[in-house]
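Reader: I have a structure open and I am new to this. Can you show me how to read its features, one at a time?

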Amino acid sequence: MIFELYDTRDDYHFTVTKIEKDSNDYEFNLKGYKKLSKKDFLKVSYNLQFTLAAFPPIDDEGFRRETQNMLDKLKK
């Protein structure tokens, strides 16, 4: 367990002062999420960061090429 947390400049400093059991029940709706393996998650993450998959369709071929070139530079 971590009881104290702070950044290198001590701008933020948190200390646990009390621990108590929460008696409330919580429900989570996970229907909108897909279960992925780590391999599939990394593949999706890569596609969203470095391909045009995260963008709406681009009709202008020149703009599409420029955008893909910019994403290719980000890979490096």
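**Reading the features**

Author: We start with one residue. Phe 41 is found in helix α1. Keep in mind that this is a predicted model.

Reader: Is Phe 41 buried, partly exposed or exposed, and why?

Author: Look at the relative accessibility. Phe 41 has 48%, so Phe 41 counts as partly exposed. The cut-off for exposed is over 50%.

Reader: Which residues make a nonpolar surface patch with Phe 41?

Author: Leu 36, Leu 42, Val 44 and Leu 48 join Phe 41 there. The patch covers about 460 Å².

Reader: Now rings. How is a pair of aromatic rings described?

Author: Two values do it: the distance of the centres and the angle of the planes.

Reader: How many aromatic pairs does a search of the whole structure find?

Author: One. The partners are Tyr 46 and Phe 50, with ring centres 5.2 Å apart and planes at 55°, so this pair is tilted.

Reader: Where do Tyr 46 and Phe 50 lie?

Author: Both belong to helix α1, which runs over residues 38–50. They are four residues apart, about one turn of the helix.

Reader: Which accessibility classes do the two rings' residues fall into, starting with Tyr 46?

Author: Tyr 46 has 37% relative accessibility, so Tyr 46 is partly exposed. Phe 50 has a relative accessible area of 15%, so Phe 50 is buried. Buried means under 20%.

Reader: Next, charges. How many salt bridges does the structure hold?

Author: Five. To read one, find the closest N and O atoms of the two side chains. In the bridge between Arg 9 and Asp 11, they are 2.8 Å apart. Arg 9 is exposed at 65%, and Asp 11 is partly exposed at 46%.

Reader: What is the N to O distance for Lys 18 and Glu 20?

Author: Their side chains meet at 3.0 Å. Lys 18 and Glu 20 are both exposed.

Reader: Which salt bridge partner does Glu 61 have in helix α2?

Author: Arg 64 is a partner, with the closest N and O atoms 2.7 Å apart. Glu 61 and Arg 64 both sit in α2, residues 61–75. They are three residues apart, about one turn of the helix. Glu 61 is partly exposed at 39%, and Arg 64 is partly exposed at 30%. Salt bridges with shared partners link Glu 61, Arg 64 and Arg 65 into one network.

Reader: What span should the 15 residues of α2 have?

Author: Take 1.5 Å a residue. The helix should then span 21 Å, and its end C-alpha atoms are 21 Å apart, which agrees.

Reader: Which residues of α2 are buried?

Author: Thr 67, Gln 68 and Leu 71 are buried in α2. They cover an arc of only 100° around the axis, so they lie on the same side of α2.

Reader: What does the face turned away from the buried side of α2 carry?

Author: The exposed residues Glu 66 and Lys 73.

Reader: One last residue. Where is the place of Phe 3?

Author: Phe 3 belongs to the segment before β1, which is 4–6. Phe 3 is partly exposed, with a relative accessible area of 43%.

Reader: How far apart are Phe 3 and Asp 72?

Author: Give two answers. In sequence, Phe 3 and Asp 72 are 69 residues apart. In space, they are 42 Å apart, C-alpha to C-alpha.

Technical notes. Residues are numbered from 1 along each chain as its sequence is written. This is a predicted model: local features need pLDDT of at least 70, side-chain atom pairs count only at pLDDT 80 or more; totals for chains, interfaces and linings use all residues. Side-chain values use heavy atoms; hydrogens and water are left out. Rings of Phe, Tyr and Trp (its six-membered ring) pair if their centres lie within 6.5 Å; planes under 30 degrees apart count as stacked, over 60 as edge-to-face and the rest as tilted. Helices (H or I, at least four residues) and strands (E, at least two) are DSSP runs, numbered from the N terminus. Buried means under 20% relative accessible area, exposed over 50%, partly exposed in between (1.4 Å probe, protein chains only). Patches are made of residues with over 30% relative accessible area and no salt bridge: like charges are joined within 9 Å, nonpolar side chains (Val, Leu, Ile, Met, Phe, Trp, Tyr) within 5 Å. Accessible areas come from the Shrake-Rupley method with a 1.4 Å probe; for residues, only the protein chains shown count as cover. A salt bridge is a side-chain nitrogen of Lys or Arg within 4 Å of a carboxyl oxygen of Asp or Glu. The expected span of a helix is 1.5 Å times one less than its number of residues. The arc is that of the directions from the helix axis to the C-beta atoms.
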